[in-house]
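Visitor: I am new to this structure and would like to be guided through it slowly, with the terms explained as they come up. Where shall we begin?

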Amino acid sequence: MGKFYVPKSRARDNRYLVHVKEYTHYHKEGYLIVRGLLSREDIAGLYELAEQSRLNRPKPDKTADEDNADPLKEEFAKATRIHMLSRLHPAAERGMLHPRIVDVAEALIGPDIYALQSMLFLNPPGKGGQGWHQDSCYIRTHPDTLIGAWIALEEADEENGCLWVVPGSNHEPVYPPDGMGGGNVHALDAFGDLNGVRNVSHLDDDVNTLSKVVANYPPPIPVPLSPGDVLFFHSHLFHRSYPNRTTDRYRRSYVCHYCNARSWVPWDHDGFEGDSGNYRQILARGATHHPYAEPVFGTEVFLADEEEESNSVTMMGMDNGMMMPMGMEKDE
Ligand SMILES: O=C(O)CCC(=O)C(=O)O
């Protein structure tokens, strides 16, 4: 008889238990907002890291933004996001592997979860924004199981550049960017009419031709969030953000990407050797038959435990055409 594991994290205190309605909303609409998933204490370390990154940044080249009289803006002239701090700072690793975030990922795309990527957004006044795109275009996983978690470190609203999403667009295939040999589209040759798109992520809808597919949908919706709220979003979902149009507020957020740890991952932000980057991805929950990495700073992860395995259920065909789990008494 085969075995399957029972994730150890089931018994954990403070585990976030996903509701069926949340699961169906995510799979139907392509996103899920979990309000207050992280506490103020949980995000304090990430907020502090964003502050340090802001204050310790080398002064930008004056010529890069020379008409800008606002020192606040000048300080941030070039920096809107910092990639992969999770490989450099304990707080960033803890944020990416936060068990309550992984709890949700486990229910939506798991049970086995890799943590792949982290980005700390600063988005000072006048800066930031990313035009319409689909995340699977940038991060390749086979099967394609990628999910994003957008963690608000402060109020994010339309003024300072919250995310916008197109509900239901997660059911679209990934549109291949022209000139990138199909990008990360799965089974590109299996489609008869999957047209390429140009300038994906460009802020200007006139040049970013993914906006033409977005226009087939009802109007996109903004996703304003408060500190500790987390937006989970499907990697095929059309989404974007606008530059921060305030003069006195930042838009600090932490955005991480995960996938099912049974996926083949021919990707790593910092590159990889051989034919897959699986060995560089942290196993954040469950188990995998692929190679994986461990947290660098000792953040606790909840992996499958051999001792907690259970027997799997095998179905058997009966004479009357019904299926019955093996080992169950036959109902006479
Ligand atoms: O937060 C943003 O401004 C953009 C984030 C985004 O689109 C992404 O992480 O895919």
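**A guided reading**

Visitor: How many bridges join strand β7 to β8?

Guide: Strand β7, residues 163–165, runs antiparallel to β8, and strands are said to pair if DSSP finds at least two bridges between them. Here helices (H or I, at least four residues) and strands (E, at least two) are DSSP runs, numbered from the N terminus. In one of these pairs, Trp164 has Pro222 of β8 as its bridge partner. The number of bridges joining β7 to β8 is three.

Visitor: Before we go on, what kind of model is this, and how are its residues numbered?

Guide: This is a predicted model, in which local features need pLDDT of at least 70 and side-chain atom pairs count only at pLDDT 80 or more, while totals for chains, interfaces and linings use all residues. As for the numbering, residues of each chain are counted along the sequence as it is written, starting from 1.

Visitor: Which strands stand at the edges of the open sheet that contains β7?

Guide: The sheet has four strands in the order β5-β10-β7-β8, with antiparallel pairing. Each of the edge strands has a single partner, so one side of each is left without a neighbour in the sheet; they are β5 (130–133) and β8 (221–223).

Visitor: What is the average twist from one strand to the next in that sheet?

Guide: For such angles, axes are lines fitted to C-alpha atoms (for helices, over the stretch in contact), and the angles run from 0 to 180 degrees between N-to-C directions. From one strand of this sheet to the next, the twist averages 25 degrees.

Visitor: Which strands each supply at least two residues of the shell around the ligand?

Guide: The ligand is surrounded by Phe121, Gly128, Gln130, Asp135, Gly148, Leu163, His239, Ser241, Ser253 and Val255, where a residue is near a molecule or strand if its C-beta atom, placed from the backbone, lies within 6 Å of it. The strands that each supply at least two of the shell residues are β10 (239–241) and β11 (253–260).

Visitor: How many residues of that shell are nonpolar, polar and charged?

Guide: Ala, Val, Leu, Ile, Met, Phe, Trp, Tyr, Cys and Pro count as nonpolar, Asp, Glu, Lys and Arg as charged, and the others, Gly among them, as polar. By these classes, the shell around the ligand has three nonpolar, six polar and one charged.

Visitor: Why can helix α5 be called largely enclosed by the rest of the structure?

Guide: A residue is buried if 20 or more other C-beta atoms lie within 10 Å of its own, exposed if 12 or fewer, and partly exposed in between, with C-beta atoms placed from the backbone. In α5 (99–109), the buried residues include Ile101, Val104, Ala105 and Ile109. The helix is called largely enclosed because its buried residues number nine of the eleven.

Visitor: Is Tyr258 buried or exposed?

Guide: Tyr258 belongs to strand β11, and two residues are in contact if their C-beta atoms, placed from the backbone, lie within 7 Å. Leaving aside neighbours within four places in sequence, the contacts of Tyr258 include Ala105, Ala115, Ala149 and Ala284. With 32 other C-beta atoms within 10 Å, Tyr258 is buried.

Visitor: Which strand pairs with β12 in the parallel sense?

Guide: Strand β12, residues 282–286, has five of its five residues buried, so it is largely enclosed by the rest of the structure. Three bridges join it to β4 in an antiparallel run, with Ala115 opposite Ile282. On the parallel side, over two bridges and with Arg285 facing Phe302, the partner of β12 is β13.

Visitor: Which residue follows His142 through a cis peptide bond?

Guide: A cis bond is also found from Gly110 to Pro111, with omega near 20 degrees, and Pro111 is in the loop between α5 and β4 (113–121). For the bond that begins at His142, omega is about -10 degrees, and the second residue is in the loop between β5 and β6 (147–152). That residue is Pro143.

Visitor: What is phi of Ser201?

Guide: Ser201 lies in the loop between β7 and α6, and is partly exposed with 16 other C-beta atoms within 10 Å. Asn199 is found in the loop between β7 and α6 (210–214), and its phi is near 55 degrees, a positive value in a residue other than glycine. Ser201 is not a glycine either, yet its phi is positive, at about 80 degrees.
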